[in-house]
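Hi,

Here is the structure I promised to pass on. Have a look at it first, and then read on for what turned up when I went through it.

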Amino acid sequence: MAIISDFQEDETPRQQQQAARSEEALAAVLEQSGGAALFLQAAINVVRQRSDFFRDPSAVSKVAAMASAARAQVEGEEREARRKAQEAERKAVEAERAAKAAAAPAPAPAPAPAPASAEKAESSEEKDNMEVDKGDSNVRQPNAGNGLDLEKYSWTQQLPEVTITIPVPQGTKSRFVVCDIKKDRLKVGLKGQPPIIDGELYNPVKVDDCFWSIEDGKSLSILLTKHNQMEWWKSVIKGDPEVDTQKVEPESSKLSDLDPETRQTVEKMMFDQRQKQMGLPTSDEMQKQELLKKFMAEHPEMDFSGAKIA
């Protein structure tokens with residue numbers, strides 16, 4: 001487990017000005033370097049040649065930690081942008097409804113009560129928008145990141161990893177944070193206060209590939225690398241509300257980054273989930289049915305009266 005935020009703390013105004021000038025200079029070099037990858041390679045070569053940084057055995061993990069923190073921050077910004085877009089869309093819909101209601105004529109007398117059967121009917125759209133699924137109050141619809149937005153924290157996931165975002169008081173420093181990540185347990189909070197998260201993880205994680213950082217001094221971001229990277233988590237902590245994993249979907253950009261074998265497996269999982277939702281056979285069941293049909297066609301003399309073919 002690594003902490004990303006320590007080197008960002010306690011900067012003086014002069015140091016902040018120097019950092020801003022350095023960032024502008026680096027941005028200019030980046031524009032002329034021919035791409036981010038080439039820029040990073042050049043920077044690594046400079047560090048290797050001009051310092052003893054890479055003589056430290058932990059240098060690689062430190063670089064990986066900084067890269068993971070940057071990725072987590074980008075994901076947080078993307079989530080915030082999606083949230084704002086959804087909020088703007090919601091407000092636009094509400095405004096349109098209010099305008100229609102204001103322009104509508106006075107309501108006619110109420111019709112006679114509908115039959116009980118009609119009152120109980122629900123459209124498929126209403127069912128899809130319900131927070132609770134299948135009568136289980138602990139199973140909920142996934143958020144835009146295939147996780148859940150809970151009271152104390154929110155989380156998203158892709159097959160390889162889980163990202164947890166916890167709001168903290170503005171100006172919180174990493175030294176105020178208690179974050180204990182173990183293979184099958186997570187404890188997170190602020191010093192001197194009750195833990196925000198404390199419980200058994202849904203599945204084991206690779207502790208050495210887990211990181212946390214303070215984002216903009218107002219949120220704690222935790223990246224958990226799954227031990228089994230071919231399985232969706234239903235929750236972060238066992239006993240917390242669960243997400244309906246039949247309705248999670250990998251981002252297309254993430255899917256295209258997978259190797260062919262892994263991508264084929266993920267696409268098969270997605271297909272099987274959709275088939276189950278519609279009450280249709282999965283890919284394995286369809287393959288068995290095709291084999292049975294072929295066998296029956298090749299052996300017409302045999303009695304298959306008890307066999308079922310969808």
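Let me start at one strand pair: isoleucine 181 sits across from leucine 186 in β8. Please keep in mind throughout that this is a predicted model.

That pair belongs to a hairpin in which 3 residues lie between β7 and β8. The two strands run antiparallel and are joined by 5 bridges. β7 (177-181) has two faces: Val177, Cys179 and Ile181 are on the covered one, while Val178 and Asp180 are on the uncovered one.

**The chain overall, and how far to trust it**

There are 8 helices and 12 strands in the chain. It has 310 residues, and 27% of them count as buried. Among contacts with a separation of 6 or more, 54% are between residues 24 or more positions apart.

On confidence, the mean pLDDT of the chain is 79, and 77% of the residues reach 70 or more. The stretch to be careful with is 116-134, where the pLDDT is below 50; this stretch has 17 contacts in the model beyond near neighbours in sequence. Where pLDDT is low, the predicted coordinates should not be read in detail.

**The core**

The largest nonpolar core holds 33 residues, and Ile164, Ile222 and Leu224 have the most contacts inside it. Six elements give two or more residues to this core: the strands β6 (161-167), β7, β8 (185-190), β10 (211-215) and β11 (219-225), plus the helix α7 (260-277).

If you want one residue to click on, try isoleucine 222. Leaving out residues up to four places away in sequence, isoleucine 222 touches Val162, Thr163, Ile164, Ile166, Cys179, Ile181, Val188, Phe211 and Trp212. Cys179 and Ile181 in that list are on the covered face of β7.

**β10 and β11**

How many of the residues of β10 are buried? The count is 5 of 5. Phe211, Ser213 and Glu215 point one way from the strand, Trp212 and Ile214 point the other way, and all are buried.

β10 pairs with β11 in the antiparallel sense, over 5 bridges. Serine 213 has serine 221 of β11 opposite it. The two strands make a hairpin with 3 residues between them, and aspartate 216 is in the turn.

**Two residues with a positive phi**

Aspartate 216 has a positive phi of about 60° although it is not a glycine. Asparagine 146 is also not a glycine, and its phi is positive at about 70°. Asparagine 146 is found in the loop between β3 (136-140) and β4 (148-149).

Is each of these buried or exposed? Asparagine 146 is buried, with a relative accessible area of 5%. Aspartate 216 is exposed, with a relative accessible area of 54%.

**β4, β5 and β6**

These strands are linked by two hairpins. β4 connects to β5 (154-158) through 4 residues, and β5 and β6 have 2 residues between them. The β4 and β5 strands run antiparallel with 2 bridges, and there aspartate 149 has serine 154 as its bridge partner. β5 and β6 also pair in the antiparallel sense, over 5 bridges. In that second pairing, tryptophan 155 is partnered by isoleucine 164, and Ile164 is one of the residues with the most contacts inside the core. β5 is mostly covered, with 4 of its 5 residues buried.

**Spaces in the model**

The second largest pocket holds about 600 Å³ of space. Its lining has 21 residues, and those nearest its centre are Gly76, Arg79, Glu80, Arg83 and Thr165. Which element gives the most to this lining? That is α3 (59-103), with 9 residues. β5 and β11 each supply at least two residues of the lining as well.

There are also 2 cavities of 30 Å³ or more. The second largest has about 40 Å³ of space and is lined by 10 residues, of which Ala69, Ala72, Phe211, Ser213 and Ser221 lie nearest its centre. α3, β10 and β11 each give at least two residues to the lining of this cavity. You will recognise Ser213 and Ser221 as the two serines that stand opposite each other in the β10 and β11 pairing.

Cheers

Definitions and conventions:
Residues numbered from 1 in each chain as written. Predicted model: local features only at pLDDT ≥ 70, side-chain atom pairs only at ≥ 80, totals over all residues. Heavy atoms only, no water. Core = buried A, V, L, I, M, F, W, Y, C linked by side-chain atoms within 4.5 Å. Buried < 20%, exposed > 50% of the residue type's maximum accessible area, 1.4 Å probe, protein only. Contact = heavy atoms within 4.5 Å. pLDDT = per-residue confidence, 0-100. Pairing = 2+ DSSP bridges. 1 Å grid on protein atoms, 1.4 Å probe; cavity = no way out; pocket = protein on both sides within 12 Å on 5 of 7 lines; lining within 4 Å. Points joined across faces, edges and corners; volume = space filled by probe spheres on them.
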